[in-house]
There are 4 protein chains.
Amino acid sequence: MPDLAAIVADIAAEMADAPDRGTVAQYIPPLAAVDPKRFGIAIVTDDGREYVAGDGDMGFSIQSISKVFALTLALGAVGDQLWQRVGVEPSGTPFNSIVQLESEHGIPRNPFINAGAIVVTDILLGRGEPREAIGEMLRFVRTLAGDDAIYIDDAVARAELETGHRNIALAHYMRGFGNLNREVARVLGVYFHHCALTMSCRQLARAGRYLMDGGRNPETGHNVVSARRARRINALMLTCGHYDGSGEFAFRVGLPGKSGVGGGILAVAPGIASIAVWSPGLNERGNSQLGTLALERLVHRTGWSIFDPRVF
Amino acid sequence: MPDLAAIVADIAAEMADAPDRGTVAQYIPPLAAVDPKRFGIAIVTDDGREYVAGDGDMGFSIQSISKVFALTLALGAVGDQLWQRVGVEPSGTPFNSIVQLESEHGIPRNPFINAGAIVVTDILLGRGEPREAIGEMLRFVRTLAGDDAIYIDDAVARAELETGHRNIALAHYMRGFGNLNREVARVLGVYFHHCALTMSCRQLARAGRYLMDGGRNPETGHNVVSARRARRINALMLTCGHYDGSGEFAFRVGLPGKSGVGGGILAVAPGIASIAVWSPGLNERGNSQLGTLALERLVHRTGWSIFDPRVF
Amino acid sequence: MPDLAAIVADIAAEMADAPDRGTVAQYIPPLAAVDPKRFGIAIVTDDGREYVAGDGDMGFSIQSISKVFALTLALGAVGDQLWQRVGVEPSGTPFNSIVQLESEHGIPRNPFINAGAIVVTDILLGRGEPREAIGEMLRFVRTLAGDDAIYIDDAVARAELETGHRNIALAHYMRGFGNLNREVARVLGVYFHHCALTMSCRQLARAGRYLMDGGRNPETGHNVVSARRARRINALMLTCGHYDGSGEFAFRVGLPGKSGVGGGILAVAPGIASIAVWSPGLNERGNSQLGTLALERLVHRTGWSIFDPRVF
Amino acid sequence: MPDLAAIVADIAAEMADAPDRGTVAQYIPPLAAVDPKRFGIAIVTDDGREYVAGDGDMGFSIQSISKVFALTLALGAVGDQLWQRVGVEPSGTPFNSIVQLESEHGIPRNPFINAGAIVVTDILLGRGEPREAIGEMLRFVRTLAGDDAIYIDDAVARAELETGHRNIALAHYMRGFGNLNREVARVLGVYFHHCALTMSCRQLARAGRYLMDGGRNPETGHNVVSARRARRINALMLTCGHYDGSGEFAFRVGLPGKSGVGGGILAVAPGIASIAVWSPGLNERGNSQLGTLALERLVHRTGWSIFDPRVF
């Protein structure tokens, strides 16, 4: 096993000085206000050790990374019949594109683009109340991370609701095709709240442990999902986790990963480590500029790419 | 290590009786004439052992699987500047789609859709003659497989040329955008010939060993490509190797793979095995129906998915 | 001048027996309940005579035909600056398509597809209340037709609101691009109400007289719009009035026309006549099957096509 | 009747000084070499008088305007069965777009985009030789114009052939769908030759007389096509004659018209006049900048818009 403490320290130091940091999301004030100089990294290994550097203990808005946890929870609720309403293919289009829904009759390409995550949230909502579904998501993520300090930032959720016309459009469009069962406002209420989860890299890396460990939460020893389901979620993160930049992420980093517009990325080295990075500046496809670079360097120094023979 | 001899024998027996075998490609007579009852499988493991069952020693037209070898050879010729002319993203569209070329100015999404492989072939052709480029591809694949009996089926290549209007259109379209340097007829002459390679599952699995072994041909000990390049080719196979069915293949099988319209699939378990399957019936996205099913069962029995923790 | 009384009687008789009547719109009960055997026709000529046959005095839901009156009113309110928010090109796509809005940044192709008419309605709403805007539209159409019996069918408007997810999606989508100033619910409230105008063919033909007469209402002698504006509205009806069936309507009928999903069509022979037909069965592009056929026969017998030399 | 001699002289004078002249086509040297200061206009009225001003007797490359004559000739050859292979709808896309062919199975939207005109040319070629088809087109246009001095510029045709990759792509693409019967090289040989017709505005306006006169050549008294067919060609010119700028041309000018990349436009006022204008600078949609402006002014001064009541 490589010297991870040294590696994360080195990477944090390199990122502190990186000149090209991308552009911080501007569409809502709480995100626009984040300092572009921030960079955090946290690794939790299979044996439970944690390696954290930079701003790895500072909370940030996980945004679309919550789609992974929402999918996991929804699969638990309805099982594989979820796939009748959401596809498993990369979309080749931006995160908020509506184009494919028209020719594909309201079935989103995958659960990690906005349209797909909205359908997943509709499933989460089920017959219950938004408040309950939001509470369930929060409890689920707290349990995964083993940390009850994780919270939802209501200011972020409210700001999203006020400016979320494209997501409202996506939701109504799918409801027009019969692929949304609950009222749009209720579904999006839940959606914007789980996207507004505030977590640190350390919390996020902990929450992702079940994906590293065949569906099992190594802290509790309980199965969060079956090994088969964990594997499939990893596969979806690899092919669809970075929108129309998923291919490039697989090409450069080679790990299942899911990015959020807050600048976080959760990445998984199956059987080895759960990793979270955060830097708020985004590249042109909406994925963290330095987060991606940091993961590329991490994989380069550890040999953790899933496309490489294991060297340890 | 699981009992691979038993596993391949079991899978071959199961596939012999499978009722839903897909549809054999009809667009050229040499492919249309292939018996839909055929099924072959071959595995070459990291330690050099070979496990072959069913029709695993019968030759078939590898078709688009040759795009993997063409890409490898072209990267050797021009290096990473190749990526200025071809992208690394899944397309979300069928293998022969021309739509994205219009808005993306003649740059194909990836090297494994037809448009991308035609650009790769243009690079292979370089300043030489078609005959030389075809010869180089044949020698390369023979060396990879360690088998000089591998040949190109001229009847297949001729039939493709006669009916290849969509590929001709793709090539001219890209040439109109300045992304094809050589004459269309010459480029497609080479393209159709390397797609007309006839190989058995055993030969194909052998030829894929360098992708299992970090770029090294384990038979000769020589590096075919660098470890980094092998990793990236595997990543591209995972995200783009099955056209608009790539996501589903990653979801169900979880291995880098490349399919061909002849019904073959080359799959790679990095550090473990190089695998080839063949059954001529295709599913609705043009990938082998039983080949995919066989790989799904193989991975289920071996735990070889790259999205799982390693269990051995 | 041809014998119009005989012609409309003949056409009504022919349409009564026509076997292929298209399909009545099913998406809201008030439209689905309409008898497919209905057919009406009314012609108002430049000299003020009226020729009515079949069900030409029976009220029906004019639906998208109201887009012509809404555009006329909005042009009166804001003038040609309207064209900064709506284009003048045929879309080549169905009436409720959202695809082009994505690449064209929320600017609808023309005012006669749903997206365009929603922007026009946003202009109509201006800074006022929905109730006022609806009242203004109703008064405007009553004045045009010289008939205060014209009314808005609230049951139709309510049914549209309940099922109008695609229109809500269009509106939010454009608001996301900054091309809708007022709240979506208010804009669509007005939109669905003006689409719910109930008029007979006679009333509709009368309301269209200003388009026949260079912008002048021949009954009052007042200019509704300038001659230039009337000409341009006619041009838009010709190129965009039948969605992705506009070319075929121009080809077969050769008059500016606007269809509605209720089965009505308003057509204009400039300088000669204003014409309305109605039959609720629609063809595959959502335009009245028999209405189109009736207009084709009318033009054949009168020589009124704008693409013909005038023969009278 | 307005004082046309004065009007054309005025317009020519105005256009001589117009500052914003658009951009001359650069893709082949013979077009790129044309002087952007040129402007010509010619009107032939129903009574046979001719009004010519500016460079109205100077030859230019008519390019896509030839699509009108090719369509007329092909309809004469195979009649309305032509419409099984070509649509009658505006495309909403640029002249050389290939996108719609994919989803619409190789059937071009209309005969005035490149793909449609290539199918029309395939029909013209029939079972004969390219040389014969080219000769037939030349004789046809000479007869229409009553002028045997009209010729095809071989240098233009050759230059098109050398750079025509997108047209070659369109042709092969349609052949892949079975919508091209003859060899691509032969069809495009004819296509590029009829696009290379050199004509003056006077010759072009004369050639268009049959479209003004219900299909009849007023010089010979013979019917070139039936009145119904002339009307339909006019309708297609109105809805599709300026590619994705057709709506704007109808909106501003209000006459059936067909533009060419050489800067010419043929326009028809049915029953009144056949009009040709020429100025080589193009607007962003590939239509003559000053040609359009000149026609707009002509219609403003004459009241000839087909969307206006006739005032004479």
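**Notes on a predicted multi-chain model**

1. Let's start with one residue pair: Phe60(A) sits opposite Met199(A), which belongs to strand 6 of chain A. A word on strands and helices here: they are DSSP runs numbered from the N terminus, with at least two residues (E) for a strand and at least four (H or I) for a helix.

2. Before going on, some ground rules. This is a predicted model, where local features need pLDDT of at least 70, side-chain atom pairs count only at pLDDT 80 or more, and totals for chains, interfaces and linings use all residues. Residues are numbered from 1 along each chain as its sequence is written, chains are lettered from A and ligands numbered from 1 in the order in which they are written, and side-chain values use heavy atoms, with hydrogens and water left out.

3. Back to the strands. Strand 6 of chain A covers residues 197–199 and runs antiparallel to strand 4 of chain A, with two bridges joining them. Strands count as paired if DSSP finds at least two bridges between them. In chain A, an open sheet of three strands follows the order 4-6-5, with antiparallel pairing. Strand 4 (60–61) and strand 5 (151–152) of chain A are at the edges with a single partner strand each, so one side of each has no neighbour in the sheet.

4. How is chain A divided into domains? Domain 1 is 4–63 + 199–302, and domain 2 is 64–197; such bounds come from an automatic or database domain assignment. Taken over C-alpha atoms, the centres of these two domains of chain A are 20 Å apart.

5. The two domains of chain A do touch: 36 residues of domain 1 are in contact with 41 residues of domain 2, contact being heavy atoms within 4.5 Å. About 3000 Å² is buried between them, and carbon and sulfur atoms give 66% of that. Buried area here is the accessible area (1.4 Å probe) that two parts lose on being put together, summed over both.

6. Now chains A and B. A turn of 180° and a shift of 0.0 Å along the axis lay chain B on chain A with an RMSD of 0.0 Å. The two copies are thus related as by a two-fold rotation axis. The superposition is by least squares on the C-alpha atoms of residues with pLDDT of at least 70 in both. Of the interface residues of chain B, 97% are also interface residues in chain A, so the copies meet through the same surface.

7. Finally, how many disulfides (cysteine sulfur pairs within 2.5 Å) are there over all chains? Zero. For Cys201(A), the nearest cysteine sulfur is that of Cys195(A), 18 Å away.

How values were computed: Disulfide = S-S within 2.5 Å.
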